[in-house]
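Student: Let's go through this model by asking what each label rests on. I will ask, and you set the values against the criteria.

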Protein chains: 2
Amino acid sequence: MEIRGLEACPIADVIDVLFSRWTTPILWGLHERGRQRFGDLERHVPGISPKVLTQRLRQLERDGLVARTYHAEVPPRVEYEITPLGASLEPLFGSLSAWGATNMPSIEKARRAYDG
Amino acid sequence: MEIRGLEACPIADVIDVLFSRWTTPILWGLHERGRQRFGDLERHVPGISPKVLTQRLRQLERDGLVARTYHAEVPPRVEYEITPLGASLEPLFGSLSAWGATNMPSIEKARRAYDG
DNA sequence: CAGTATCCAATCCGATACTG
DNA sequence: CAGTATCGGATTGGATACTG
């Protein structure tokens with residue numbers, strides 16, 4: 001999650017922040033359904049384990065993309081939400097989504113040609 | 001390099017194609033310096049081993065982002081270049097770079113606040 | 001509920017040596 | 001030159017059981 005070509009590639013740092021495993025589905029889920037609890041995220045991000053979800057949430061919190069709110073109740077309640085910094089990613093994710101919609105078919109086609 | 005949240009996140013597939021490890025520095029190098037040989041890439045992507053470089057080039061070739069040309073000479077000469085499909089990534093990488101330039105300082109700051 | 005602790009499997013990766 | 005083969009080590013991840 002760190003060595004990605006270093007100095008040579010000017011977007012390596014950004015990629016490490018935004019696209020390490022699981023971060024995008026988590027951000028996406030928070031964006032789609034808004035502020036939610038740990039258990040909600042666990043349910044909505046298919047296949048993730050509590051260990052890994054915790055790791056990624058901590059990373060996102062540390063990077064300032066997600067905010068965590070702890071309510072000292074019984075049982076405890078913790079809520080996560082996207083910060084303004086995290087929300088500033090929306091156009092970028094939009095571009096990514098658009099590029100995929102346009103070009104994933106070409107990629108699939110290239111794969112079939114290569115494999116076949 | 002495959003499970004990233006699946007159905008729940010619409011850009012998971014694109015991310016797997018574009019941002020698996022080493023792919024961005026390789027694409028960047030090809031974009032910056034144009035068509036070049038295996039050894040050139042090896043030198044310009046710092047820290048990559050020939051094994052991994054081969055793996056990633058094959059993946060990029062399979063996905064249609066990079067084209068490989070083999071010249072049957074002695075010694076053999078192989079050249080790699082970006083395809084039009086690969087070149088279509090430029091605006092996207094530009095946006096990524098711009099987002100990073102604007103926001104990486106905020107991320108660094110958030111990290112210092114979290115760690116300190 | 002919201003995690004943490006533990007263990008194990010899979011993967012990845014770097015280094016190196018070798019080949020057509 | 002442009003890879004491939006092999007190996008060991010490090011990291012990552014899933015499953016599960018447990019705790020304040």
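**Contacts between the chains and with DNA**

Tutor: In this predicted model, the count between chain A and chain B is eight residue pairs in polar contact, with both residues at pLDDT 80 or more. On the side of chain A that touches chain B, helices H1 (12-18), H2 (23-33), H4 (50-62) and H6 (90-115) of chain A give two or more residues each. H6(A) gives the most to that side, with 15 residues. By class, that side of chain A has 26 nonpolar, eleven polar and eleven charged residues.

Student: What makes Arg62(A) and Asp115(B) a salt bridge?

Tutor: Their side chains meet at 2.4 Å, N to O. The cut-off is 4 Å between a side-chain nitrogen of Lys or Arg and a carboxyl oxygen of Asp or Glu. The pair Arg62(A) and Asp115(B) therefore qualifies. Between chain A and chain B the count is four salt bridges.

Student: How many residues does each chain bring to the contact?

Tutor: Chain A brings 48 residues and chain B brings 48 residues. The area buried between the two chains is about 4400 Å². Carbon and sulfur atoms give 71% of this area.

Student: Why is area used to describe an interface?

Tutor: The accessible area lost when the parts come together is often used to give the size of an interface.

Student: How do you know that the copies meet through the same surface?

Tutor: Of the interface residues of chain A, 100% are also interface residues in chain B, so the surface is the same.

Student: What relates chain A to chain B?

Tutor: A turn of 180° with a shift of 0.0 Å along the axis lays chain A on chain B, with an RMSD of 0.1 Å. The two copies are thus related as by a two-fold rotation axis. Of the residues of chain A, Phe19(A) comes closest to that axis, at 3.5 Å for its C-alpha.

Student: Now the DNA. Which residues come nearest to strand C?

Tutor: There are 20 residues around DNA strand C, and the nearest are Arg37(A), Thr54(A), Arg68(A), Tyr80(A) and Lys51(B). H4(A) gives the most to the surface near this strand, with four residues. By class, that surface has ten nonpolar, three polar and seven charged residues.

Student: What makes Gly39(A) a polar contact of strand C?

Tutor: A backbone N or O atom of Gly39(A) lies 3.1 Å from a phosphate oxygen of DNA strand C. The limit for a pair of N or O atoms is 3.5 Å, so Gly39(A) passes. Val78(A) also has a backbone N or O atom by a phosphate oxygen of DNA strand C, at 3.2 Å. For Pro76(A), the partner is a sugar or linking oxygen of that strand, at 3.4 Å.

Student: And which residues are closest to strand D?

Tutor: DNA strand D is surrounded by 19 residues, and the closest are Lys51(A), Arg37(B), Thr54(B), Arg68(B) and Tyr80(B). Sugar and phosphate make up 71% of the strand D atoms within 4 Å of the protein.

Student: What parts of strand D do Lys51(A) and Arg68(B) approach?

Tutor: Lys51(A) places a polar side-chain atom 2.4 Å from a base oxygen of DNA strand D. Arg68(B) has a polar side-chain atom 2.7 Å from a phosphate oxygen of the strand. With the limit at 3.5 Å, both distances therefore fall within it.

Terms used. Residues are numbered from 1 along each chain as its sequence is written. Chains are lettered from A and ligands numbered from 1 in the order in which they are written. This is a predicted model: local features need pLDDT of at least 70, side-chain atom pairs count only at pLDDT 80 or more; totals for chains, interfaces and linings use all residues. Side-chain values use heavy atoms; hydrogens and water are left out. Contact means heavy atoms within 4.5 Å. Buried area is the accessible area (1.4 Å probe) that two parts lose on being put together, summed over both. A polar contact is a pair of N or O atoms within 3.5 Å; within protein, one must be able to donate a hydrogen and the other to accept it, and residues adjacent in sequence count only if both atoms are side-chain atoms. Ala, Val, Leu, Ile, Met, Phe, Trp, Tyr, Cys and Pro count as nonpolar, Asp, Glu, Lys and Arg as charged, and the others, Gly among them, as polar. A residue is near a molecule or strand if one of its heavy atoms lies within 4 Å of it. Copies are superposed by least squares on the C-alpha atoms of residues with pLDDT of at least 70 in both.
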